[in-house]
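The following exercises ask the reader to work through one protein model step by step. Each task is followed by its solution.

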Amino acid sequence: MAGPVPELDERAAAGARRLRSADRVLHASHIDADGLTSAAIATTALERAGVSVETVFKKQLDADEIASIAAREHETVLFTDFGSGQLDAISEHVAAGDFEMVVADHHQPADPADCHSDAVVDTDGYADFECHVNPLLVGLNGASELSGAGAAYALARALEPEDGDNRDLAALAVVGAVGDMQATSGELLGANTGIVEEGVAADVLSEGTDLSLYGKQTRPLPKLLEYATEVPIPGISNDQAGATRFLEDLGLELKAKGEWRTWADLDADERQTVASALVQRAVKRGVPASKIESLVGTTYTLTAEPTGTELRDASEFSTLLNATARYERADVGLAVCLGERAAPLDEARSLLSNHRRNLSEGLDLVKERGVTQSEYVQYFDAGDVIRETIVGIVAGMALGTNGVDSDKPIIAFADADGERKVSSRATGPLVGRGVDLSVVMREASQSVGGDGGGHDIAAGATIPAGKEDAFIDAADDIVAEQLD
């Protein structure tokens with residue numbers, strides 16, 4: 001039977017065979033929302049298949065971290081949401097007999113010329129091997145068509161016992177894809193659609209059309225509109241009194257039993273009333289038609305989760321997860337993904353509150369200091385004021401704000417253990433014109449003695465301190481070539 005991503009069936013089956021044959025598996029995963037959901041999917045699938053598994057998280061997968069993994073002396077190591085780009089270092093350990101590897105990832109694989117030839121082969125210029133579940137190896141876009149969680153889900157479906165059914169894990173795969181910004185066009189596309197279909201069939205997911213504002217499950221109605229800055233509407237966005245007055249003028253009951261109502265509390269007629277009035281207000285105030293159209297989009301609801309919680313909406317769930325591992329509490333995020341509630345969920349919500357405060361303060365810092373403009377890129381240096389684990393999110397939030405050009409990629413520097421962390425973000429239109437930040441980060445960082453990679457729309461690197469100017473010069477030249 002074909003899996004959710006038929007192109008990856010053979011690779012997923014090979015990975016599943018290797019994992020089943022292992023006495024125990026060490027599972028290493030990345031720390032963002034995509035990495036956490038990848039970890040939960042793979043961990044659950046292995047446990048259901050009767051395979052002993054230990055799961056660890058890594059902020060980055062460099063040679064030292066890979067050596068520490070090898071030192072654990074596990075027979076088989078599974079990497080999720082990273083591993084492909086680090087096959088140069090991983091392959092040395094595999095060739096030395098330190099462990100066998102399975103990789104479920106969606107990032108660009110390493111150059112085969114940099115890898116040990118006894119462990120990898122060359123597939124269209126990518127380092128490859130039998131148990132390598134990566135959409136890029138089968139002609140799929142890893143930045144927009146399948147996330148790390150999606151690759152892990154393909155592997156999980158191949159791991160099913162004869163009487164098993166892992167389709168309930170599709171909901172987590174969708175959370176991972178949304179968290180990895182693969183729904184920037186308003187909905188998930190490509191191979192992700194097959195996963196959505198399986199989630200709907202398993203009754204753990206629903207796909208619908210609704211107001212495309214963040215916070216529909218948890219934010220009080222006035223706050224929902226006040227913070228809806230993706231489509232700025234004069235007199236409502238960034239205006240608490242204006243947002244409240246707008247809703248009151250529609251005759252809505254804004255509170256029930258003394259508590260603010262949320263979007264999730266409204267009935268269908270009330271939602272239609274608000275959505276129509278928002279569109280009318282936007283038209284009257286001269287909001288561009290393209291922006292108005294984006295007010296309504298595709299939404300993904302986790303039907304098994306309670307209404308009015310962060311876990312009900314894929315976007316809010318992914319933000320909650322980002323707020324855990326980026327503050328060294330991946331264990332909390334994993335516990336929530338695995339279905340634990342009570343204390344883990346309370347801790348995740350506390351971390352989320354802190355995360356939102358840090359993002360707000362980080363964005364204020366960028367607005368206060370401004371960005372430096374080069375010809376093709378723009379950048380700012382956060383030093384140690386913004387955590388290196390969230391500086392990329394802040395950079396993305398800053399794109400298009402006053403003083404920040406949405407027609408240029410933005411690059412952010414932050415301190416990181418004696419080195420400099422570099423994060424970059426672009427817009428969909430920039431990517432459409434040829435910008436590929438994964439190439440920019442990799443080539444510019446390597447030119448100054450560092451390394452990097454990622455996706456076309458979002459990527460990162462680590463470089464030696466003091467090499468920032470040279471890095472920007474290299475990045476500027478690469479973007480110029482991409483846009484030429």
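**Exercise 1. Determine whether Ser 144 is buried, partly exposed or exposed, and describe its surroundings.**

Step 1. In this predicted model, Ser 144 has a relative accessibility of 32%. Buried means under 20% and exposed means over 50%, so Ser 144 counts as partly exposed.

Step 2. Ser 144 is located in the loop between strand E7 (132–133) and H5.

Step 3. With neighbours within four places in sequence left aside, Ser 144 is in contact with Gln 182, Leu 189 and Asn 192.

Step 4. Ser 144 and Gly 190 are 46 residues apart in sequence, and their C-alpha atoms are 7.5 Å apart in space.

**Exercise 2. Explain why helix H6 (residues 170–179) is described as largely enclosed by the rest of the structure.**

Step 1. Count the buried residues: nine of the ten residues of helix H6 are buried, and therefore the helix is largely enclosed by the rest of the structure.

Step 2. Name them. The buried residues of H6 are Ala 170, Ala 171, Leu 172, Ala 173, Val 174, Val 175, Gly 176, Ala 177 and Val 178.

Step 3. Identify what encloses them. The buried residues pack against the helices H2 (33–48), H5 (148–158), H7 (192–201), H12 (314–325) and H13 (330–337), and against strand E11 (296–301).

Step 4. Consider what follows the helix. Just after H6, Met 181 adopts a positive phi of about 65 degrees.

**Exercise 3. Describe the place and the contacts of Thr 299 in strand E11.**

Step 1. Thr 299 belongs to strand E11, and its relative accessible area is 11%. The cut-off for buried is under 20%, so Thr 299 is buried.

Step 2. When residues up to four places away in sequence are not counted, Thr 299 touches Ser 206, Glu 207, Gly 208, Thr 209, Asp 210, Leu 211 and Lys 216.

**Exercise 4. Classify the aromatic pairs that involve Phe 413, and state which residues the ring pairs link into a cluster.**

Step 1. The structure holds three aromatic pairs. One of them is formed by Tyr 379 and Phe 413, with 6.3 Å from centre to centre and 80 degrees between the planes. Planes over 60 degrees apart count as edge-to-face, and this pair is edge-to-face.

Step 2. Locate the two rings. Tyr 379 lies in strand E13 (residues 378–381) and Phe 413 in strand E14 (residues 410–416); the pair links distant parts of the chain, 34 residues apart.

Step 3. Apply the same reasoning to Phe 413 and Phe 471. Their ring centres are 6.0 Å apart and their planes stand at 75 degrees, so this pair is edge-to-face. Phe 471 lies in helix H18 (residues 468–483) and Phe 413 in strand E14, so the pair ties together parts that are 58 residues apart in sequence.

Step 4. Ring pairs thus link Tyr 379, Phe 413 and Phe 471 into a cluster.

Step 5. Check the accessibility of each member. Tyr 379 counts as buried at 18% relative accessibility, Phe 413 counts as buried at 1%, and Phe 471 counts as buried at 0%.

**Exercise 5. Describe the surroundings of Gln 378 in strand E13 and of Gln 482 in helix H18.**

Step 1. Gln 378 is found in strand E13 and counts as buried, with a relative accessibility of 0%.

Step 2. Residues up to four places away in sequence are not counted. Among the residues that Gln 378 touches are Val 371, Thr 372, Leu 399, Val 404, Lys 408 and Ile 410.

Step 3. Compare a residue that is distant in space. Gln 378 and His 132 are 246 residues apart in sequence and 36 Å apart from C-alpha to C-alpha.

Step 4. Gln 482 is found in helix H18 and counts as buried at 17% relative accessibility. Leaving aside neighbours within four places in sequence, Gln 482 is in contact with Arg 433, Gly 434, Val 435, Asp 436, Val 439 and Val 440.

**Exercise 6. State how compact the protein is for its length, and describe its burial and contacts.**

Step 1. The secondary structure comprises 18 helices and 17 strands. The radius of gyration is 22 Å, close to the 23 Å that the globule rule gives for 484 residues, so the protein is as compact as a globular protein of that length.

Step 2. Of the 484 residues, 55% count as buried.

Step 3. Among contacts between residues at least 6 apart in sequence, 66% join residues at least 24 apart.

Technical notes. Residues are numbered from 1 along each chain as its sequence is written. This is a predicted model: local features need pLDDT of at least 70, side-chain atom pairs count only at pLDDT 80 or more; totals for chains, interfaces and linings use all residues. Side-chain values use heavy atoms; hydrogens and water are left out. Helices (H or I, at least four residues) and strands (E, at least two) are DSSP runs, numbered from the N terminus. The radius of gyration is taken over C-alpha atoms; the globule rule is 2.2 Å times the number of residues to the power 0.38. Buried means under 20% relative accessible area, exposed over 50%, partly exposed in between (1.4 Å probe, protein chains only). Contact means heavy atoms within 4.5 Å. Rings of Phe, Tyr and Trp (its six-membered ring) pair if their centres lie within 6.5 Å; planes under 30 degrees apart count as stacked, over 60 as edge-to-face and the rest as tilted.
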